[in-house]
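Please work through the following exercises with the coordinates at hand. Each task is followed by a stepwise solution.

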Amino acid sequence: MKVLSIDTASNICGVSLLENTKLICHLDTHTGRTHSENLMPMIQEAFTKTNLRLKDIDLIVCDIGPGSFTGLRIGIATVKAFADSLLIPCIGISSLEGLAYPIKNDLHENDCICSLLDCKNDNCYFAFYEKKNGILETLFEPQAETLQGALSILKSYCEDTLKNISITFVGDGSEIYQSSIKEIFPTAKFASQNQNVLNSYFLALAGLEHYHSGVELPEILPLYLKKPQAERQLEEREKHLT
């Protein structure tokens, strides 16, 4: 099975091609949020390097967010156009699950992962996963919260389960807010710095796991957990005028 994976949720634009779980090409660029200019040339470059064409692809995986509103729209629109043109199955994976995926192999059964993305001003996107039977089971779906709100939710869960839960934090929020996390979870573990960056290869592996689980593939839609900044600013102005 040949897999094309696209990640446009952050300022990194990433493209990966896999043969089953084996990575055969990985490209990314850090030129900022110019994915509309970078994405198609990167996909073409990946196909050229591997002597593949779109019609050879059996599955397309893409990041559905949370992340850059513009980047997500570009990636998802591209995937849908590809999928519709050749009836290729496609699957969307959240940024938070994509971050958690490479960590799971380092965990013991029933260990947990908290994916944490910074939203500025002590706000974050977070999700909580537990390793069960070798796969990630979602305990808390992706959601937007204040940092203290997210940590309170996790603390309450740990107290309610009466378990000594081992938690590994991953994502840029785990770096930025590490001291605050340690105040509440002194035994918390933290992913290495290179694991805190979204990666289209691990996104593809997560997508493959979902695909082989046999569940029906839902329509790919962007995961917007917060309104766009322009919309929030407009609401604030309207509130002030009122």
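The exercises below concern a predicted model and treat its sheet and one of its helices.

**Exercise 1.** Determine the strand order of the sheet and identify which strands stand at the edges.

*Solution.* Step 1: the open sheet is formed by 5 strands in the order 3-2-1-4-5, with mixed pairing. Step 2: strand 3 (22-29) and strand 5 each have a single partner strand, so they stand at the edges and one side of each lacks a neighbour in the sheet. Step 3: on average, and with direction ignored, neighbouring strands of this sheet are turned by 20 degrees against each other.

**Exercise 2.** Establish how strand 4 is joined to strand 1 and to strand 5, and trace the chain between strand 4 and strand 5.

*Solution.* Step 1: strand 1 and strand 4 run parallel and are joined by 4 bridges; Ile-6 stands opposite Cys-62 in strand 4. Step 2: strand 4 (residues 59-65) and strand 5 also run parallel, joined by 5 bridges. Step 3: Gly-65 has Ser-94 of strand 5 as its bridge partner. Step 4: from strand 4 the chain passes through helix 2 (residues 69-86) to strand 5, a right-handed β-α-β crossover.

**Exercise 3.** Compare the expected span of helix 2 with the distance between its end C-alpha atoms, and locate its packing partners.

*Solution.* Step 1: the 18 residues, at 1.5 Å a residue, should span 26 Å, and the end C-alpha atoms are 26 Å apart, which agrees. Step 2: buried residues of helix 2 include Phe-69, Leu-72, Ile-76, Val-79 and Phe-82. Step 3: the buried residues of helix 2 pack against strand 1 (2-7), helix 1 (35-50), strand 4 and strand 5. Step 4: helix 2 runs at about 155 degrees to strand 4.

Definitions and conventions
Residues numbered from 1 in each chain as written. Predicted model: local features only at pLDDT ≥ 70, side-chain atom pairs only at ≥ 80, totals over all residues. Heavy atoms only, no water. Pairing = 2+ DSSP bridges. Helix = DSSP H or I, 4+ residues; strand = E, 2+ residues; numbered from the N terminus. Right-handed = clockwise from strand over helix to strand, strands pointing away. Expected span 1.5 Å × (residues − 1). Buried < 20%, exposed > 50% of the residue type's maximum accessible area, 1.4 Å probe, protein only. Contact = heavy atoms within 4.5 Å. Axes fitted to C-alpha atoms, helices over the stretch in contact; angles between N-to-C directions.
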